[in-house]
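This report describes one protein chain for a reader who has its sequence and coordinates at hand. Please look over the display below before reading on.

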Amino acid sequence: IVLTADHGMLDIGERLDIAECPELLADVDCVSGEERARHLYTGLPEAVATRWREELGEAVLVMTKDEFIATGALGEPTEHARSVMGDVIVCADGSLSLFDSRGREPGRAPMIGVHGSLTDVEMTVPLLVEMV
């Protein structure tokens, strides 16, 4: 029997609701992505990236699209992939979640277990092999 998954996951320790952080959302036209890997769409990527770095410090890794592509984490993205990526990518570290309550159903609790960032536990795909 072989049991696997498509990604790892971790339980959230701290959840930051970016909807309550106007300083982070300044000049950001749209937010997408996972709670642990936010894509920010903006006409001012350098300014937005600098502000997120200053506000959140070492709790996140903030990169412009070009910086993120240069890491090689995605291999060589296609033109389509480049066109849909955020202008700024924010990857959470530790157990931080960059939750966004805007547009969420009232009373609907966020998930405890999340994924999407670049930590080992999120990028390692579990595999269990049992010989029967």
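A salt bridge is a side-chain nitrogen of Lys or Arg within 4 Å of a carboxyl oxygen of Asp or Glu. Side chains of opposite charge can pair when their charged atoms come close. This term is used further down, after an outline of the chain.

**The model and its confidence**

The model is predicted, so local features need a pLDDT of at least 70 and side-chain atom pairs count only at pLDDT 80 or more, while totals for chains, interfaces and linings use all residues. Residues are numbered from 1 along each chain as its sequence is written, and side-chain values use heavy atoms, with hydrogens and water left out. The score pLDDT is the predictor's confidence in each residue, from 0 to 100. Its average over the chain is 89, and 100% of the residues score at least 70. Confidence is highest in helix 2 (residues 45-56), with a mean of 97, and lowest in helix 5 (residues 120-123), with a mean of 74. Where pLDDT is low, the predicted coordinates should not be read in detail.

**Overall build**

The chain has five helices and 10 strands. Helices (H or I, at least four residues) and strands (E, at least two) are DSSP runs, numbered from the N terminus. Along the principal axes, the C-alpha atoms fill a box of roughly 55 × 40 × 25 Å. Of the 132 residues, 36% count as buried. Buried means under 20% relative accessible area, exposed means over 50%, and partly exposed lies in between, with a 1.4 Å probe and protein chains only.

**Strands 3 and 8 and the core**

Strand 3 (residues 14-17) and strand 8 run parallel and are joined by four bridges; two strands pair if DSSP finds at least two bridges between them. In this pairing, D17 stands opposite F99 of strand 8. Strand 8 covers residues 96-99, with L96 and L98 pointing one way and S97 and F99 the other, and all of them are buried.

L98 also belongs to the largest nonpolar core, which has 18 residues. A nonpolar core is a set of buried Ala, Val, Leu, Ile, Met, Phe, Trp, Tyr and Cys residues joined through side-chain atoms within 4.5 Å. The residues with the most contacts inside this core are L40, W52, V60, V62, V88, V90 and L98. Helix 1 (22-25), helix 2, strand 6 (60-64), strand 7 (88-92) and strand 8 each give two or more residues to this core. The most comes from helix 2, with four residues.

Two positions can be placed relative to core residues. A19 lies in the loop between strand 3 and helix 1; its relative accessible area is 26%, so A19 is partly exposed. The C-alpha atoms of A19 and W52 are separated by 14 Å, with the two positions 33 residues apart along the chain counted as their spacing. P77 is in the loop between helix 3 and helix 4 (79-84), and P77 is buried because its relative accessible area is 9%. From P77 to L98 the C-alpha distance is 24 Å, and the two are 21 residues apart in sequence.

**Salt bridges**

How many salt bridges does a search of the whole structure find? The search finds six. Three pairs are listed here.

| Pair | Closest N and O atoms |
|---|---|
| R15 and E35 | 3.2 Å |
| R51 and D27 | 3.1 Å |
| E67 and R53 | 3.0 Å |

The pair R15 and E35 links distant parts of the chain, 20 residues apart: R15 is in strand 3, and E35 is in the loop between strand 4 (30-34) and strand 5 (37-41). R15 is partly exposed at 30% relative accessibility, whereas E35 is buried at 13%.

R51 forms its salt bridge with D27. R51 lies in helix 2 and D27 in the loop between helix 1 and strand 4, so this pair ties together parts 24 residues apart in sequence. D27 is partly exposed, with a relative accessible area of 41%.

E67 forms its salt bridge with R53. E67 is in helix 3 (residues 65-71) and R53 in helix 2, so the pair ties together parts 14 residues apart in sequence. Both count as partly exposed, E67 at 35% and R53 at 32%. In addition, E76, E79 and R82 are linked in a network of salt bridges.
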